[in-house]
Amino acid sequence: MLNVVIFGPPGAGKGTQAALVAKKYQLTHLSSGDLLRQERDNSDNGARIRKYQDSGQLVPDSLVIEIVKKAVVKKAQKSGLVFDGYPRNIRQARSLNSLFKEIDSEIDLVVNLKLSAAKAAQRILLRGQTSGRSDDNRQTIYSRFKVYRAQTAPLLEYYQKQNRVMNIDGSLDIPSVFKKIQEAISKFQKQSSGK
Ligand code: AP5
């Protein structure tokens, strides 16, 4: 069992790398952004979720935590999970922690993709030309970064205290970032098999 969180600012490559990790290690990829986008098309909460996503604000914990919980419980039987975009604040991290305790598991590794706001914005604007994502525009990117710095980045300290963070340069090309993630996972696996 391996449970990994891919962490980082908007556009850092969380989704791209989480998909590669999921494929290589046979993990289930859980993206809170994707779960919320699906939910907004299929539920009564749709309009509410859209309002938050379109303005770059975090969707309220009461909604997100429930949605992620359901997905974790449904998928946790596989060989593990790779989270992308979750948790996003301390409340979400604590709730995830309790949930994993219930299923006798834990977050093993937090991969922190480091990327400057300027480079991340370039990537998002480029993707915005074809993605159809209503939050891939200059104004919303600014809010997403502001929210990241204020509410999400402080979470790193929470995981650093637990010795789970691996910092990786997210400005490298996609295969190079993935190679570094594989090295981090392999280091973790060696350490835990030696325990
Ligand atoms: P979410 O969907 O999570 O978006 P995000 O965090 O803003 O991240 P992105 O999807 O933009 O980027 P990414 O880091 O995944 O990079 P990607 O691989 O796509 O959240 C959207 C909204 O949903 C939030 O604002 C909030 O409203 C809500 N939400 C989501 N989770 C929530 C939560 N837990 N709590 C509350 N609200 C929540 O790559 C970006 C682009 O760069 C792509 O085009 C990719 O091809 C390219 N790229 C990737 N890697 C590289 C590379 N190494 N070199 C060059 N290009 C690259």
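## Worked exercises on a predicted model

At 27% relative accessibility, Asn137 counts as partly exposed. The structure you are looking at is a predicted model, and the exercises below take you through it step by step.

### Exercise 1: Asn137 and its surroundings

**Task.** Find where Asn137 lies, and work out why Asn137 counts as partly exposed.

**Solution.**
- Step 1. Start with the place in the chain: Asn137 belongs to the loop between α6 and α7.
- Step 2. Now take the accessibility. Buried means under 20% and exposed means over 50%, with partly exposed in between. Asn137 has 27%, so the residue counts as partly exposed.
- Step 3. Look at the side chain. The side chain of Asn137 makes a polar contact of 2.9 Å with the side chain of Thr140.
- Step 4. Finally, compare sequence and space. Asn137 and Ala117 are 20 residues apart in sequence, and their C-alpha atoms are 14 Å apart.

### Exercise 2: Around the ligand

**Task.** Describe where the ligand sits, which helices surround the ligand, and which residues come nearest.

**Solution.**
- Step 1. Begin with the space itself: the ligand takes up the largest pocket.
- Step 2. Go on to the helices. At least two residues of the shell around the ligand come from each of α1 (14-25), α2 (32-42), α3 (46-55) and α6 (117-131). The most comes from α2, with four residues.
- Step 3. Pick out the nearest residues. There are 31 residues around the ligand, and Thr16, Ser32, Gln57, Arg127 and Arg144 come nearest.
- Step 4. Turn to individual atoms. In the side chain of Thr16, an N or O atom is 2.5 Å from an oxygen atom of the ligand. A polar backbone atom of Gly13 is 3.1 Å from an oxygen atom of the ligand. For Arg123, a polar side-chain atom lies 3.3 Å from a nitrogen atom of the ligand.
- Step 5. End with the area: the ligand taken alone exposes 1,000 Å², and the protein buries 87% of that.

### Exercise 3: Two buried polar residues

**Task.** Locate Arg144 and Gln53, then decide for each: buried or exposed?

**Solution.**
- Step 1. Find the helices. Arg144 lies in helix α7 (residues 138-152), and Gln53 lies in helix α3.
- Step 2. Apply the cut-off of under 20% for buried. Arg144 has a relative accessible area of 11%, so Arg144 is buried. Gln53 has 10%, so Gln53 is buried.
- Step 3. List partners beyond four places in sequence. For Arg144 these contacts include Pro10, Gly56, Ile124 and Asp135. For Gln53 they include Gly33, Leu36, Arg37, Asp135 and Thr140.
- Step 4. Check one separation. Arg144 and Ser55 are 89 residues apart along the chain, and their C-alpha atoms are separated by 8.0 Å.

### Exercise 4: Ile181 and Lys161

**Task.** Decide whether each of Ile181 and Lys161 is buried or exposed, and how far apart the two residues are.

**Solution.**
- Step 1. Place both residues. Ile181 lies in helix α9 (residues 174-193), while Lys161 is in helix α8.
- Step 2. Use the cut-offs again. Ile181, at 0%, is under 20% and therefore buried. Lys161, at 70%, is over 50% and therefore exposed.
- Step 3. Compare distances. Lys161 and Ile181 are 20 residues apart in sequence and 20 Å apart, C-alpha to C-alpha. Ile181 and Met166 are 15 residues apart in sequence and 8.5 Å apart, C-alpha to C-alpha.
- Step 4. Add the contacts of Ile181. Leaving aside neighbours within four places in sequence, Ile181 is in contact with Gln17, Val21, Val111, Leu113 and Ile168.

### Exercise 5: Backbone details

**Task.** Find the loop that holds Asp104, the loop that holds Asn163, and the loop that holds Pro87, and describe the backbone at each place.

**Solution.**
- Step 1. Recall the background: most residues other than glycine have a negative phi, and most peptide bonds are trans.
- Step 2. Take Asp104, in the loop between α5 and β4 (109-114). Asp104 has a positive phi of about 55°, and counts as exposed at 74% relative accessibility.
- Step 3. Take Asn163, in the loop between α8 (155-161) and β5 (165-169). The phi of Asn163 is positive, near 65°, and Asn163 counts as exposed at 74% relative accessibility.
- Step 4. Take Pro87, in the loop between β3 (80-84) and α5 (90-102). The peptide bond from Tyr86 to Pro87 is cis, with omega near -5°.

Methods:
Residues numbered from 1 in each chain as written. Predicted model: local features only at pLDDT ≥ 70, side-chain atom pairs only at ≥ 80, totals over all residues. Heavy atoms only, no water. Buried < 20%, exposed > 50% of the residue type's maximum accessible area, 1.4 Å probe, protein only. Contact = heavy atoms within 4.5 Å. Near = heavy atom within 4 Å. Polar contact = N/O pair within 3.5 Å; in protein donor to acceptor, adjacent residues only side chain to side chain. Areas by Shrake-Rupley, 256 points an atom, 1.4 Å probe, with all protein chains shown as cover. 1 Å grid on protein atoms, 1.4 Å probe; cavity = no way out; pocket = protein on both sides within 12 Å on 5 of 7 lines; lining within 4 Å. Sits in = over half its atoms within 2 Å of the grid points.
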